[in-house]
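Biologist: I'm new to this one, so could you walk me through it in plain words? I'll ask, you answer.

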Amino acid sequence: MHLKICKRTSLTLTLLGAMLYSLYSLAAKDEENAIDIKIQWGAYYLTLENNQYRVFRLLDFNRYAYHAAIFKETFATRPTKDEILQLAPFIGHAPIDAKTLLQEESIQLLASAPLKKEDLEGYRYYLEEQGMSVSEMDELIQRIMEFSAQPPLQLRLKIVDGELEISQRG
């Protein structure tokens, strides 16, 4: 019994040490993490994971989160705009920590299309659960649809003191 407790304690301390080291490493890298990215509401983005392209559509973006529709299809080669525009989301809305964009070395804006109300239905459910009033939701959804008709913003994202800093480029 004593041996089991010692092994369990040792394992726990090892895992705790690894977690603390990871947190320290992330904090040390905070200052050097930066990415230049084109942000466009309604745009389809590609990421490369395990030699497979994955797709998400940007619904909304702020310094705390980006909101995306997620597609389950993966591609062995870079998909075309026509292939992407024919996809239907697997998940209509997912809030994702905006800092994770800095970990996406391969992120690419592939295509865009103005957002429609039905594209934002999952986001609307999320906003409702967050306690947003119907009039606030309607106003936000309208602004997002208008943003999606605009050209992309060239932004620089950088972690400073653990927080995401956003600045506009060019």
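Biologist: What share of the area the chain exposes do carbon and sulfur atoms supply?
Modeller: One thing up front: this is a predicted model, where local features need pLDDT of at least 70, side-chain atom pairs count only at pLDDT 80 or more, and totals for chains, interfaces and linings use all residues. Residues are numbered from 1 along each chain as its sequence is written, and side-chain values use heavy atoms, with hydrogens and water left out. Accessible areas come from the Shrake-Rupley method with a 1.4 Å probe. The chain exposes about 11,000 Å², and the part from carbon and sulfur is 53%.

Biologist: How many helices and strands are there in the chain?
Modeller: Both are DSSP runs numbered from the N terminus: helices are H or I with at least four residues, strands are E with at least two. Along the sequence the pattern reads α-β-β-β-β-α-β-β-α-α-β-β. That makes four helices and eight strands.

Biologist: In what order do the strands of the open sheet of three lie?
Modeller: Two strands count as paired if DSSP finds at least two bridges between them. β1 and β7 (residues 153–160) pair in the antiparallel sense over six bridges, and β7 and β8 pair in that antiparallel sense over six bridges too. The edge strands, each pairing on one side only, are β1 (34–39) and β8 (163–168). So, with two strands counting as paired from two bridges up, the order is β1-β7-β8.

Biologist: Which residue in β8 is the bridge partner of K158?
Modeller: Moving across the sheet, I35 stands opposite L157 in β7, and I37 has L155 as its bridge partner in β7. The hairpin of β7 and β8 has two residues between the strands, and D161 takes a positive phi near 50° there. For K158, the partner in β8 is E165.

Biologist: Which strand gives the most to the lining of the largest cavity?
Modeller: A cavity is a set of points on a 1 Å grid over the protein atoms alone where a 1.4 Å probe fits but cannot get out, and lining residues have an atom within 4 Å of a point. The structure holds one cavity of 30 Å³ or more, and about 30 Å³ of space lies in the largest cavity. Its lining is I37, I39, Y45, F56, L58, F61, Y66 and L101. β1 and β3 (52–61) each supply at least two of the lining residues, but the top giver, with three residues, is β3.

Biologist: Is L48 buried, exposed or partly exposed?
Modeller: L48 sits in strand β2 (residues 43–49). Leaving out residues up to four places away in sequence, L48 touches Y53 and S106, where contact means heavy atoms within 4.5 Å. Buried means under 20% relative accessible area and exposed means over 50%, with partly exposed in between (1.4 Å probe, protein chains only). L48 has a relative accessible area of 37%, so the label is partly exposed.

Biologist: How far apart in space are L48 and E105, C-alpha to C-alpha?
Modeller: In sequence, L48 and E105 are 57 residues apart. For the whole chain, residues 24 or more positions apart account for 63% of the contacts with a separation of 6 or more. In space, the C-alpha atoms of L48 and E105 are separated by 8.5 Å.

Technical notes:
On a 1 Å grid over the protein atoms alone, a cavity is a set of points where a 1.4 Å probe fits but cannot get out, and a pocket is an open set with protein on both sides within 12 Å along at least five of seven lines; lining residues have an atom within 4 Å of a point. Grid points are joined across faces, edges and corners, and a volume is the space filled by probe spheres set on the points.
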